[in-house]
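Got the viewer open? Let's take a walk through this model, one selection at a time.

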Amino acid sequence: MNVDCLVTVIIPFYNRIKYTIDAVKSVQQQTYNNIEIILVNDKSECDISELIKYISCDARIKLVDNIRNKGASGARNTGIDYSNGDYIAFLDSDDLYHPQKIKKQVEFMYKSGCKMSHTIYQTFSAMDRSDLKLEDYSNKDILFPDVLSCCPIATPTVMLDRKVFNTTNFRFNENYDYGEDICLWIDIIKNFPSRVLKNESLTWVRKDGRNTIDTPHKLLRGIFNILHHISTEENLKLYPEHLKQLLLSCMFSVLLQEDNKKSIKRLKAIPYRFFLRPILKLLIDKNIVKNYFDKKYL
């Protein structure tokens, strides 16, 4: 298939220059050539001269400097604003693309007509990627409303049709420090067809102990943010079982935390009357979380 659409790859970074250069290299080594790379410097505090020197010889790369640190959401939104591609992909600065990732994914999207796609991926921690581990639980199409209770989509695996942003006001929520990507994927999947490019890992995600899913307090905050985002009147009425599953995941995460009373205060902002409050009350009444919550927070 001869597809020659422009693909924008957005790479936000904050410090970690050597990792960032490796990420850029993995995009430069793509077998698909019609790409632009938007590097978003999220107010790095280290010397980035090595990176500037490296990218100076590639006209496809544009360096954009945020005037303040906006976090991952704000940096990705900056990249979207500067992008020109027919398709938009994301790559975290410590992750890597398989050389055929863009080619296979853009051809898949062009042929299927979907507006969002993701790939399965492998994780690694060793510098030589000798410990690659396949994460194949995302090897299925993620549909609405199932995405409300489980969204195993890694941001570096995602590619979006530009029409998603041109026809909506969807963006990464800059008020969320964790879980912001899942919130956006949920919004998109509710409104546009989404597919997975199955049975082939095309993205390598670095695991260094700081990933949200491996850090209990980050995971908890992410789940709180997702619960807050999706607990609309419509979702509460139509999809209570899906939100209940997510809430129970949140409860298990709370049990891992030390400052649980502070955490549960954040849950108070979520509409309770359909099932959130009854579930919390049940957990307390049954002594399942006897030592973790004070009833006054309900």
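## Start at Arg76

Select Arg76, which you'll find in helix H3. Keep in mind as you go that this is a predicted model. Is Arg76 buried or exposed? It counts as buried, because its relative accessible area is 5%, under the 20% cut-off. Now show side chains: the one on Arg76 makes a polar contact with the side chain of Asp92, at 3.2 Å. Expand the selection to what Arg76 touches, leaving aside residues up to four places away in sequence, and you pick up Ile10, Pro12, Phe90, Asp92, Thr155, Phe172, Glu180 and Asp181.

## Across to Ala72 and the loop beyond

Stay in helix H3 and click on Ala72. Ala72 counts as partly exposed, because its relative accessibility is 37%. Draw a C-alpha to C-alpha distance from Ala72 to Asn173: they are 101 residues apart in sequence, and the distance reads 9.7 Å. Do it again from Ala72 to Tyr178, this time 106 residues away in sequence, and you get 8.9 Å.

Where does Tyr178 sit? Its place is in the loop between helix H5 (163-166) and helix H6 (180-191). With a relative accessible area of 19%, Tyr178 is buried.

## Into the core

Next, select Phe90, one of the residues that Arg76 touches. Phe90 has its own list of neighbours beyond four places in sequence: Ile10, Arg76, Ile80, Tyr97, Thr155, Pro156, Val158, Leu160, Phe165, Phe172 and Trp185.

Phe90 also belongs to the largest nonpolar core, which has 38 residues. Which residues have the most contacts inside that core? Colour Phe90, Met116, Ile153, Leu160, Trp185 and Ile188 to see them. At least two core residues come from each of E2, helix H3 (71-82), strand E4 (87-90), H5, H6, helix H7 (216-230) and helix H9 (240-254). H6 gives the largest share, seven residues. Apart from this core lies another, of 31 residues; Val9, Leu39, Ala89 and Leu197 are among them, so pick a second colour for those.

## Two helices to compare

Hide the rest and bring up helix H1, residues 17-28. Its twelve residues reach 16 Å from first C-alpha to last, close to the 16 Å expected at 1.5 Å a residue. Select its buried residues: Ile17, Thr20, Ile21, Ala23, Val24, Ser26 and Val27. As you look along the axis, recall that an α-helix has 3.6 residues a turn, so residues three or four places apart point the same way. What do the buried residues of H1 pack against? Turn on strand E1 (7-13), E2, H2, strand E3 (61-65), strand E5 (96-97) and H4, and you have the partners.

One of those partners is H4, so follow it next. Helix H4 covers residues 101-112, twelve in number, and spans 16 Å from its first C-alpha to its last, close to the 16 Å expected at 1.5 Å a residue. Its buried residues are Lys101, Ile102, Gln105, Val106, Glu107, Phe108 and Met109. Just after H4, stop at Gly113, where phi is positive, at about 80°.

## A serine in a loop

Jump to Ser44, in the loop between strand E2 (35-41) and helix H2 (49-55). Ser44 counts as buried, because its relative accessibility is 16%. Its side chain has a polar atom 2.8 Å from the backbone nitrogen of Asn15. A second polar contact, of 2.7 Å, joins the side chains of Ser44 and Asn41. Not counting residues up to four places away in sequence, Ser44 touches Phe13, Tyr14 and Asn15.

## Checking the cysteines

Select Cys183 and Cys151. How far is the sulfur of Cys183 from the closest cysteine sulfur? That closest sulfur is in Cys151, 9.4 Å away, which is too far for a bond. Cys183 is buried, with a relative accessible area of 1%, and Cys151 counts as buried at 14%. Across the whole structure, a search finds zero disulfides.

## Zooming out

Finish with everything on screen. The protein chain has eleven helices and nine strands. Of its 298 residues, 52% count as buried. Take the contacts with a separation of 6 or more: residues 24 or more positions apart account for 77% of them. Switch on the surface last: the chain exposes about 14400 Å², with carbon and sulfur atoms supplying 49% of it.

Notes. Residues numbered from 1 in each chain as written. Predicted model: local features only at pLDDT ≥ 70, side-chain atom pairs only at ≥ 80, totals over all residues. Heavy atoms only, no water. Helix = DSSP H or I, 4+ residues; strand = E, 2+ residues; numbered from the N terminus. Buried < 20%, exposed > 50% of the residue type's maximum accessible area, 1.4 Å probe, protein only. Polar contact = N/O pair within 3.5 Å; in protein donor to acceptor, adjacent residues only side chain to side chain. Contact = heavy atoms within 4.5 Å. Disulfide = S-S within 2.5 Å. Areas by Shrake-Rupley, 256 points an atom, 1.4 Å probe, with all protein chains shown as cover. Expected span 1.5 Å × (residues − 1). Core = buried A, V, L, I, M, F, W, Y, C linked by side-chain atoms within 4.5 Å.
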